[in-house]
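Biologist: Got a minute to look at this one with me? I'd like to go through the cysteines and then the overall fold.

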Amino acid sequence: MQPLKLLYNQTHTKSANILYTNFENLIKEIFDKEFPVQKIQIEDNISPFLNTKYYKELLRALLQIKNEGFTPLIADTQTLLAYERIFKKLFKDGELKKSLEEDLGTQLDLLELEKSFMFAPKLILEKSSFFEKNMGKWKGFKCAFVVEGEVASYLQLDKLIEALEWVSGLEIKLFKRNCYDYLLKFNKELAFKMAGKDYYEMVDCGVDFILTPSIGHFEMFDGYARELKKAQGRDDLEIPILFIPQLLLAPFKKGEFLLFDKHNIEPKMI
């Protein structure tokens, strides 16, 4: 297998830092190494209203990684969704594809590029021997797993959730929900209303916490937690949001190491 290089999504700086710091710490624990990083900026927050410059910048980052002999590693579904939307657009729009090829100075093999990624949670969960001493540490807990519905088929969610339940002992309920962070630029009130509806739907299922591989979902549910509470007219705000690396590190690391103190809804169940 080729060496891996991480696509670091800088969108939503605080949320991204929580995810990637925990991911890099987990990689050190499992592989005893660090992966090189390629930083990217999803300017439009995966909005449907994308532009040519945006496509070109993300494609250039991907091509650079591959030209260096690395396999692109994606740790968040917001990045995965951004690339999936680009590929779908280019499959349909031959003129745009030709224009981008001219700007980038290379032919774009979309089928090859689309299959070139590795999704970090899958990579980590394959290392089952690492988790043997901490299997089932979350037994008795229930969580909601929320992810953008558009990436569900690519991720083979049933297998991913089955692996997470096997390693952690969790009871996981899946929620496929759109992420409304892109609305923050256009209509914050609507963004808070829609995200708040999703957050409290999961909360009212009786879960202990919410798990997500999406920076956008984390940003909305934790970063704007008070705004969601106000938009929904609720007085409860106790159910925290976790990224997958935090879940996997928690059985043998303390809250400060996991950056729990950086959450707006601080996890208190550990």
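Biologist: Let's start with Cys-205: how accessible is that residue?
Modeller: Keep in mind that this is a predicted model. Cys-205 has 39% relative accessibility, so that residue counts as partly exposed.

Biologist: And why is there no bond from the sulfur of Cys-205 to the closest cysteine sulfur?
Modeller: The closest cysteine sulfur belongs to Cys-143, and at 12 Å from the sulfur of Cys-205 that is too far for a bond. A pair would have to lie within 2.5 Å to count as a disulfide.

Biologist: How many disulfides does the structure hold, then?
Modeller: Zero. Cys-179 is in no disulfide either, with the nearest cysteine sulfur, in Cys-143, 18 Å away.

Biologist: Is Cys-179 buried or exposed?
Modeller: Buried, because its relative accessibility is 5% and the cut-off for buried is under 20%.

Biologist: OK, switching topic. What's the secondary structure tally?
Modeller: The protein has 12 helices and eight strands. Its radius of gyration is 19 Å and the globule rule gives 18 Å for 270 residues, so the protein is as compact as a globular protein of that length.

Biologist: What does the C-alpha trace span along its principal axes?
Modeller: About 55 × 45 × 30 Å. Of the 270 residues, 53% count as buried.

Biologist: How much of the contact set links residues 24 or more positions apart?
Modeller: Such pairs make up 80% of the contacts with a separation of 6 or more.

Biologist: Can we take an example? Where does Ile-215 sit?
Modeller: Ile-215 is in helix α10, which covers residues 215-223. The residue is buried, at 0% relative accessible area. Its C-alpha is 9.5 Å from that of Thr-13, although the two are 202 residues apart along the chain.

Biologist: What does Ile-215 touch, not counting residues up to four places away?
Modeller: Its contacts include Asn-9, Thr-11, His-12, Leu-19, Asp-76 and Phe-243.

Biologist: And Thr-71, which strand is that in?
Modeller: Strand β3, residues 71-74. Thr-71 counts as buried at 11% relative accessibility. Leaving aside neighbours within four places, Thr-71 is in contact with Gln-2, Pro-3, Leu-4 and Lys-5, among others, and Met-118 is one of its contacts too.

Biologist: Last thing, the surface and charges. How much area does the protein expose?
Modeller: About 12800 Å², with carbon and sulfur atoms supplying 45% of it. As for charges, there are 38 positive and 41 negative ones, and their mean positions are 1 Å apart.

How values were computed
Residues are numbered from 1 along each chain as its sequence is written. This is a predicted model: local features need pLDDT of at least 70, side-chain atom pairs count only at pLDDT 80 or more; totals for chains, interfaces and linings use all residues. Side-chain values use heavy atoms; hydrogens and water are left out. Helices (H or I, at least four residues) and strands (E, at least two) are DSSP runs, numbered from the N terminus. The radius of gyration is taken over C-alpha atoms; the globule rule is 2.2 Å times the number of residues to the power 0.38. Buried means under 20% relative accessible area, exposed over 50%, partly exposed in between (1.4 Å probe, protein chains only). Contact means heavy atoms within 4.5 Å. Accessible areas come from the Shrake-Rupley method with a 1.4 Å probe; for residues, only the protein chains shown count as cover. Lys and Arg count as positive and Asp and Glu as negative; His and the chain ends are not counted. The place of a charge is taken as NZ of Lys, CZ of Arg, CG of Asp or CD of Glu.
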